[in-house]
Amino acid sequence: MSESLAQYQQDLRRFSDELIRIQTPIKILDAIKWPREMEERFLSNKGTVLPAIKQDFYQNIALPFDPVKTQAELISLKQDIHRRMGKRDKLGKILVANVDQYRLVVDMLGNRGTPTFGKLSQELYGSASHRLHGDRHTLRQLGDKLSYIFSLPAARHMNKHHPKIISAPEAVNVLSQRLEKYFHSDDMCVRLSDGIVSDAAVGGDTVKLNSRAMFSESDLNVYEVHEGWVHVGTTLNGRAQPHATWLSVGSPRVAATQEGLAVLLEMLTLSSNPGRARRISDRVAAVDMAENGADFIEVFNYFRELNLSETDSYRVTQRVFRGGMVEGGSFFTKDISYVRGYVENINFIRSAITSGLPELIPMLFLGKLAIEDIPVLYQACQEGILTPPKYLPPMFDNFSGLYAWFGFASGLAGIDLKGVQRHFTRLFKGVPNVVPAFEPHDDTEFDNNSD
C-alpha cells in the first residue's frame with residue numbers, strides 16, 4: 001500500500017469517526033415524539049379537539065446537544081474534509097453531503113412547532129408533490145393508486161387472516177432467535193420498550209418492540225426483514241468498514257433508499273400484507289394534505305371516511321404532524337420516503353440489470369447510503385478502500401434469481417395493462433363472489449415504463 005493511500009484511508013476514518021461522534025446525540029424522532037396519552041385523549045374526544053401540541057410543548061423537550069456548538073463542529077468538520085481531501089474528492093463529497101444534512105437537521109429541530117420546521121423537512125426529505133425520477137407522476141398520485149388497491153374488498157378480507165395473538169415477550173423471543181441466526185458474527189439485540197409509540201423501532205443494532213402491543217405472525221415476518229435485515233444489517237455493514245465508518249449512521253438523505261429497500265424486502269420475501277401495504281401508501285396522502293394546509297382533524301377525518309379505524313387514522317395523521325403544527329402550516333415529510341424509496345430501489349435494480357451492471361445491486365446493503373452514492377462507493381470497493389457488505393439477504397447474495405425476476409419485470413413493462421384487465425374482466429364475468437377487476441378510482445392514468 002502506498003503511503004499516500006494509507007494517509008487517505010486514515011483521513012477517511014478520522015473524518016468518519018468525527019461525524020459519528022457529532023451526530024450521535026441528534027435523535028430526530030425522540031425530539032418530536034408525542035406521549036401515548038395524547039392518542040387516548042384525542043380519541044376520547046371523538047376526534048373533535050386538536051391535540052394539545054403547541055410550540056411550548058417542544059420547548060419542554062430538551063435537545064440532548066447544544067445546537068450552537070454542534071453547528072460549529074459540523075462547519076469545522078466540513079472545512080477539514082475540504083482541506084485534507086479536496087473539494088473534488090468523490091468520497092469526500094458524500095461525507096460533506098451528510099455533514100450538510102445534519103446542519104439542516106439541527107436547524108429543523110431548533111424550529112419545532114413553527115412553519116420553518118416544515119420547510120426544512122421538505123428540504124431534507126422532499127415533498128409529496130415531487131415527481132418520481134424519470135416519470136411525470138407525483139408521489140401523491142402513486143400513493144393514492146396504491147392505497148386504493150390495498151383497500152379493495154379482497155384486501156380487507158385478507159387482512160382478517162393476520163390476527164394479533166402474539167404477546168410482546170413472545171415476539172421478542174421469536175424475533176431474537178431468527179435474527180441471531182442471520183447476524184451470526186455480531187451481537188445485536190431485540191428487546192421490549194415502554195418508550196416507543198409505534199409497535200416496533202430500530203436504534204443502531206437494537207430492534208425495540210412495544211411492550212404494550214400484540215403482534216401477528218405477519219408482523220414478525222415484516223420486522224425480521226424490514227427492521228432486521230435492512231436497518232440493523234446496514235448499520236452492522238457500515239460498522240464493519242475499516243475506513244468509511246460513516247456508513248453505519250444515516251442522515252435524512254439516505255431515508256428513501258433505506259426505507260424503500262426495507263419495503264422492497266417485505267415484498268420479495270412475501271412478508272407483507274395488504275393492511276401493512278395500505279398504511280405505508282396512506283402516509284403519502286397524509287403528507288400531501290398537511291403540505292396543502294390541512295389541520296390534524298381534517299387529515300384524521302379523511303382517513304376515517306376511507307373506513308380506516310380510529311386508531312389507524314390517528315397514527316397515520318400523528319406521524320405527519322410530529323414536530324409541526326396541529327392547526328396546519330407545518331409538517332414532517334419523512335413518510336413519503338417509503339413509497340418514493342420503494343420505486344427508486346426497483347428502478348435502480350431494473351436499470352442496473354438492463355445496463356449490464358448487476359454487480360452494483362448488492363451495494364444497496366453496504367451501509368446507510370443514497371442510491372446516487374453507489375457508483376462512487378462501488379469504485380472505492382474495487383480500489384480496496386471499502387469492503388463489500390458483510391451481511392446480505394439470500395436473494396442479494398446470489399442475485400441470479402433477482403436478475404431473472406427483474407429481467408422479466410422489465411421485459412413486461414410495456415404491456416398494455418388496461419387491455420389485459422379488460423380481457424380478464426370478461427373471463428371472470430358470472431363467477432360468484434369475485435371482486436371486480438381493478439379500475440382506476442380517478443382520472444389519473446399510469447404507464448408502466450417509468451425509469
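# Exercises on a Predicted Structure

**Exercise 1. Two cysteines**

Classify C381 as buried or exposed from its relative accessibility.

Solution. The relative accessibility of C381 is 14%. Buried means under 20%. C381 therefore counts as buried. This value, like every other one below, is computed from a predicted model.

The procedure can be repeated for C189, whose relative accessibility is 31%. Partly exposed residues lie between the 20% limit for buried and the 50% limit for exposed, so C189 counts as partly exposed.

A further step concerns sulfur pairs. A disulfide requires two cysteine sulfur atoms within 2.5 Å. Searching the whole structure for such pairs gives 0 disulfides.

**Exercise 2. The length and surroundings of helix 6**

Determine what span helix 6 should have, and compare this span with the distance between its end C-alpha atoms.

Solution. Step one is to count: helix 6 covers residues 90–109, which makes 20 residues. Step two is to apply the rule that the expected span is 1.5 Å times one less than the number of residues. For helix 6 this gives 28 Å. Step three is the comparison: the end C-alpha atoms are 29 Å apart, which agrees with the expected span.

Next, consider the start of the helix. There, a side-chain oxygen of D89 comes within 3.3 Å of the backbone nitrogen of L91.

Finally, consider how far the helix is covered. Of its 20 residues, 14 are buried, so helix 6 is described as mostly covered. V105 belongs to this helix, and with a relative accessible area of 0% V105 is buried. The C-alpha atoms of V105 and L120 are 7.8 Å apart in space, although 15 residues separate the two in sequence.

**Exercise 3. Helix 13 from start to end**

Carry out the span calculation for helix 13, then describe what is found at its start and after its end.

Solution. Helix 13 runs over residues 274–291 and has 18 residues. The expected span is 26 Å, and the end C-alpha atoms are 26 Å apart, which agrees. At the start of helix 13, a side-chain oxygen of N273 lies within 3.1 Å of the backbone nitrogen of G275. After the helix comes G293, which has a positive phi, near 100°. Helix 13 is mostly covered, with 17 of its 18 residues buried.

**Exercise 4. Salt bridges within and between helices**

Decide which of the pairs D282–R278, R276–E266 and E224–R178 lie within one helix and which join two helices.

Solution. As background, side chains of opposite charge can pair when their charged atoms come close. The structure holds 21 salt bridges, and each pair is taken in turn.

1. D282 and R278 form a salt bridge with an N to O distance of 3.1 Å. Both residues lie in helix 13, 4 residues apart, about one turn of the helix. An α-helix has 3.6 residues a turn, so residues three or four places apart point the same way. Both D282 and R278 are buried.
2. R276 and E266 form a salt bridge whose closest N and O atoms are 2.7 Å apart. Because R276 is in helix 13 and E266 in helix 12 (residues 255–268), this pair ties together parts that are 10 residues apart in sequence. Both R276 and E266 are buried.
3. E224 and R178 form a salt bridge with closest N and O atoms 3.1 Å apart. E224 is in helix 11 (residues 217–239) and R178 in helix 10 (residues 168–182); at 46 residues apart, they link distant parts of the chain. E224 is buried, since its relative accessibility is 16%.

Salt bridges may also be joined into a network, as they are for D11, R14 and R84.

**Exercise 5. A nonpolar patch**

State which helix contributes the largest share of the nonpolar surface patch.

Solution. The patch consists of F408, L412, I415, L417, V420, F424, L427, F428 and V431, with about 830 Å² of accessible area together. Helix 20 (residues 417–428) supplies the largest share, 5 residues. V420 lies in helix 20 and is partly exposed, with a relative accessible area of 30%.

The segment after helix 20 contains K429. At 69% relative accessibility, K429 passes the 50% limit and therefore counts as exposed. The C-alpha atoms of K429 and L369, 60 residues apart along the chain, are 48 Å apart.

Terms used
Residues numbered from 1 in each chain as written. Predicted model: local features only at pLDDT ≥ 70, side-chain atom pairs only at ≥ 80, totals over all residues. Heavy atoms only, no water. Buried < 20%, exposed > 50% of the residue type's maximum accessible area, 1.4 Å probe, protein only. Patch = residues over 30% accessible without salt bridge, like charges linked within 9 Å, V, L, I, M, F, W, Y side chains within 5 Å. Areas by Shrake-Rupley, 256 points an atom, 1.4 Å probe, with all protein chains shown as cover. Salt bridge = Lys/Arg side-chain N within 4 Å of Asp/Glu carboxyl O. Helix = DSSP H or I, 4+ residues; strand = E, 2+ residues; numbered from the N terminus. Polar contact = N/O pair within 3.5 Å; in protein donor to acceptor, adjacent residues only side chain to side chain.
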